[in-house]
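Work through the exercises below with the model open. Each task is followed by a solution in steps.

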Amino acid sequence: MNSINRGRIHLSVDIEATAGDEVLAELGRLYTHEHVLVYDTQKQKLFRLSDLSNSRLKSLLKRSGKRLDESPLRNFIKQLSSSLFLRHKRNVEWFDTQRIPPDTAAIHGYFQPNLFKGILENPFMSVLLREPLERTIAQYVEWKRSKGKVRWRIDIPYQPNTTFREFAFRNELKNFQFKSLGDKRLGDFDLIGVAECLDGFIMQLHGEEPRRNGIQPTQGRIQQSKYKKLGITEDLIEEFKEYNRKDYDLYYLAKEFIGYCE
């Protein structure tokens, strides 16, 4: 078992639309699937990663195995969101959040870290953040594509004619990443990353020194085309930034903390 957590249970806080599937795949590689628990937001219980369907596990492993073979730009564009569409094997064993199996090495999912307050003693905590506008765009795309059938920690009733502006300025999504940390500050986390430099975060999971990576996948013609399609103007961007000021402060602080992602 990898020594990054130094024997502490690894609490991997996933935030919707931040590339959580890739992180989950790496946790499975690090700790083996039977020692990784995944939080199901609907049941509010945990199950072993090994209890995902074989096809779902193969999908995760394939995505993880290619992470260093593809350019960060291609990898980031392909992973528009971090939707964990759970397809289980039969006879899944479920665990209450207060009944953590003794062989657990990591817990991953859409939860605030204080969910395990008083249950896990001194966990190793990690979190991956994403540029707030890009994260909200990915969440909107996923919500539209699945017609609202998502397993997020929040429920947004599906309306097919909802515009991006209407979606983005919902109160439930205001400063979403900031609220996802619960009562924790960024400095309370042992490992922090940003989705633009996902490879650096994954290298650190494996105990490796991250490379400096200044690639910004959301720039250029792809970004302009996407923004135009969604009706995102300069005025909307400025309004969005002000509306999500805490999220932007958190995101910029994360980039300062990690240092390798310009």
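**Exercise 1. Find what share of the protein chain is buried, and describe its overall make-up.**

Solution. In this predicted model, buried residues account for 54% of the 262 residues of the protein chain. The accessible surface is about 13,000 Å², with 46% of that area belonging to carbon and sulfur atoms. For secondary structure, count 10 helices and six strands. Then take the contacts with a separation of 6 or more: 79% of them join residues 24 or more positions apart.

**Exercise 2. Identify the residues with the most contacts inside the largest nonpolar core, and list the surroundings of Ile-107.**

Solution. The largest nonpolar core contains 69 residues, and Ile-107 and Leu-133 have the most contacts inside it. Next, set aside residues up to four places away in sequence; Ile-107 then touches Ile-9, His-10, Leu-11, Ser-12, Leu-37, Leu-46, Ile-100, Phe-116 and Leu-120.

**Exercise 3. Determine whether Arg-135 is paired or unpaired in terms of salt bridges, and find what its side chain reaches.**

Solution. Start with the location: Arg-135 is part of helix H4, residues 132–145. Arg-135 is buried, and its nearest side chain of opposite charge is Asp-247, 5.2 Å away. A salt bridge requires the side-chain nitrogen and the carboxyl oxygen to be within 4 Å, so Arg-135 has none. Its side chain does reach the backbone oxygen of Glu-16, at 2.9 Å. Beyond four places in sequence, the contacts of Arg-135 include Ile-15, Glu-16, Ala-17 and Thr-18, as well as Leu-173, Phe-176 and Gln-177.

**Exercise 4. Apply the same steps to Glu-131.**

Solution. Glu-131 sits in the loop between strand E5 (124–129) and H4. Glu-131 is buried and has no salt bridge; Lys-241, the nearest side chain of opposite charge, is 5.9 Å away. Now look for polar partners. The side chains of Glu-131 and Tyr-248 form a polar contact of 2.7 Å. A polar atom of the Glu-131 side chain also lies 3.0 Å from the backbone nitrogen of Leu-133, a residue already met in the core. Leaving out neighbours within four places, Glu-131 contacts Glu-196, Tyr-248 and Tyr-251.

**Exercise 5. Classify Lys-246 by accessibility and find its contacts distant in sequence.**

Solution. Lys-246 belongs to helix H10, residues 245–258. Its relative accessibility is 47%, so Lys-246 is classed as partly exposed. With residues up to four places away excluded, Lys-246 touches Asn-175 and Phe-178. Asn-175 is 71 residues away along the chain, yet the C-alpha atoms of Asn-175 and Lys-246 are 5.9 Å apart.

Terms used
Residues are numbered from 1 along each chain as its sequence is written. This is a predicted model: local features need pLDDT of at least 70, side-chain atom pairs count only at pLDDT 80 or more; totals for chains, interfaces and linings use all residues. Side-chain values use heavy atoms; hydrogens and water are left out. Helices (H or I, at least four residues) and strands (E, at least two) are DSSP runs, numbered from the N terminus. Buried means under 20% relative accessible area, exposed over 50%, partly exposed in between (1.4 Å probe, protein chains only). Contact means heavy atoms within 4.5 Å. Accessible areas come from the Shrake-Rupley method with a 1.4 Å probe; for residues, only the protein chains shown count as cover. Lys and Arg count as positive and Asp and Glu as negative; His and the chain ends are not counted. A polar contact is a pair of N or O atoms within 3.5 Å; within protein, one must be able to donate a hydrogen and the other to accept it, and residues adjacent in sequence count only if both atoms are side-chain atoms. A nonpolar core is a set of buried Ala, Val, Leu, Ile, Met, Phe, Trp, Tyr and Cys residues joined through side-chain atoms within 4.5 Å.
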